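Thank you all for making time this morning. I would like to walk through one structure with you, slowly, and I will put a few questions to you along the way.

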Amino acid sequence: MTNAFLTCLENTQYPFMATTNFISKIDKAILRRFVFKIKFDYLKPDQIEYAFRLTFNLEPPAGLLKLGGLTNGDFAIVKKKAEILDCLSNVQELYNMLKEEVSVKAIGNVVHLEEKINFDRNFVNIEGSSLDLYVKKIKENKINNFSILLHGPSGTGKSLYLRHLAQELGYELIERRASDILSRWHGESEQNLANAFEEAKNRRAILIFDEIDSFLSSKNNMQQVHNAQLVNEFLVQLENHPYPVCGTANYLENMEQASLRRFKINAKFDYLHKDQYNYVYNKTFGVEPPKEINKFTTKIVLKIKKQ
């Protein structure tokens, strides 16, 4: 199929144009045959406001720019819906419909934190870490391009903390796992990683890699060259990314050292201290804990169900 297409493309006497949603899926031999390759991206913040005014003849609502991932096609679709529903002058309703369009495109990729996350700092053990001070500086100075790596045993609250942080700072949250990144095909893992950064940039969202140690492993343990290429792709993307990037890791010792150094701060979420047992038990079950709880010698973690 590819060879037949190349032959037709090279021998045609007439202009040939094409569109694609996923240029990474197109064979490179075909791409080279196109004289011009132009990317039509999501609207920039000033373009979003302009599009809202031009389409609806209204001032844009507060919070519109936080949506991200909007296209001119989204505005056209919402206008048609609003005409049918007779709500072209209802700013809040127009905002809700635009938000719905963004959500439909992002199913499976973006976590919308509609309900407030009840995060209790006393439920986690991160003593001796400068994480709290770093986050305080982020909030005070309104820093966007920060990076945080949280590591420690499974169930200690790493992912919940990052979701809480995203909500506190007013960001959408994009989560990726190893299964979203790794591919058996050469070069596709790097492209999946680049796409994750690109989507987070377009949506101005916090990008979180869950169990990042499962695909950014130490070069000493690598058996294939393409894994090293994936690490290099991550380093380049992280260096140039303008928005927050965070990761969680269960086994910090497995991570590639160059990747570790790129995170501006890393903090360990450890097993609960014995003096936390009573508090967590009481808050979780609503009753006083038995005296025997302090006799536990095994490690205790807080298993938190993602909301």
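Let me begin with this one: which residues are linked with Arg177 in a network of salt bridges? Before I answer, please keep in mind that what you see is a predicted model. The network is made up of Arg163, Glu175, Arg177 and Asp210. Within that network, the side chains of Arg177 and Asp210 meet in a salt bridge, with a distance of 3.7 Å from N to O. This pair links distant parts of the chain, since Arg177 sits in the loop between β3 (173-176) and α8 (178-181), while Asp210 sits in the loop between β4 (206-209) and α10 (225-240), 33 residues apart. As for their surroundings, Arg177 counts as partly exposed at 34% relative accessibility, whereas Asp210, at 13%, counts as buried, because the limit for that word is under 20%.

In general, side chains of opposite charge can pair when their charged atoms come close. Over the whole model, the count comes to 13 salt bridges. One of them joins Asp132 to Arg121, whose closest N and O atoms are 2.8 Å apart. Asp132 belongs to helix α6 (residues 131-141) and Arg121 to the loop between β1 (110-111) and α6, so this pair ties together parts that are 11 residues apart in sequence. Here Asp132 is partly exposed, with a relative accessible area of 38%, and Arg121 is also partly exposed, at 31%. A further example is the salt bridge in which the side chains of Asp270 and Lys268 meet, at 3.8 Å from N to O; Asp270 is partly exposed at 27%, and Lys268 is partly exposed at 43%.

Let me now turn to the aromatic rings. A pair of aromatic rings is described by the distance of the centres and the angle of the planes. The model has 12 aromatic pairs, among them Phe52 and Phe56, which are edge-to-face, with 4.9 Å from centre to centre and 65° between the planes. Both residues lie in helix α3, four residues apart, which is about one turn of the helix. Are these two residues buried or exposed? Phe52 is buried, with a relative accessible area of 0%, and Phe56 counts as buried at 8%. Elsewhere, Phe197, Phe209, Phe215, Phe234 and Phe263 form one aromatic cluster.

One member of that cluster, Phe234, brings us to a serine. Which residues does Ser259 touch, if we leave out those up to four places away in sequence? They are Leu216, Val231, Phe234 and Leu235. Ser259 itself is in helix α11 (residues 257-262), and with a relative accessible area of 0% it is buried.

For a contrast, please look at the surface, where Val35, Phe36, Ile38 and Phe40 form a nonpolar patch with about 610 Å² of accessible area together. Val35 is placed in the loop between α2 (28-31) and α3 (45-56), and at 71% relative accessibility Val35 counts as exposed.

Finally, let us step back to the chain as a whole. Its secondary structure comes to 12 helices and six strands, and of its 307 residues 41% count as buried. The chain exposes about 18900 Å², of which carbon and sulfur atoms supply 51%. Among contacts with a separation of 6 or more, 73% are between residues 24 or more positions apart.

How values were computed
Residues numbered from 1 in each chain as written. Predicted model: local features only at pLDDT ≥ 70, side-chain atom pairs only at ≥ 80, totals over all residues. Heavy atoms only, no water. Salt bridge = Lys/Arg side-chain N within 4 Å of Asp/Glu carboxyl O. Helix = DSSP H or I, 4+ residues; strand = E, 2+ residues; numbered from the N terminus. Buried < 20%, exposed > 50% of the residue type's maximum accessible area, 1.4 Å probe, protein only. Patch = residues over 30% accessible without salt bridge, like charges linked within 9 Å, V, L, I, M, F, W, Y side chains within 5 Å. Areas by Shrake-Rupley, 256 points an atom, 1.4 Å probe, with all protein chains shown as cover. Contact = heavy atoms within 4.5 Å. Phe/Tyr/Trp six-rings, centres within 6.5 Å; stacked < 30°, edge-to-face > 60°.
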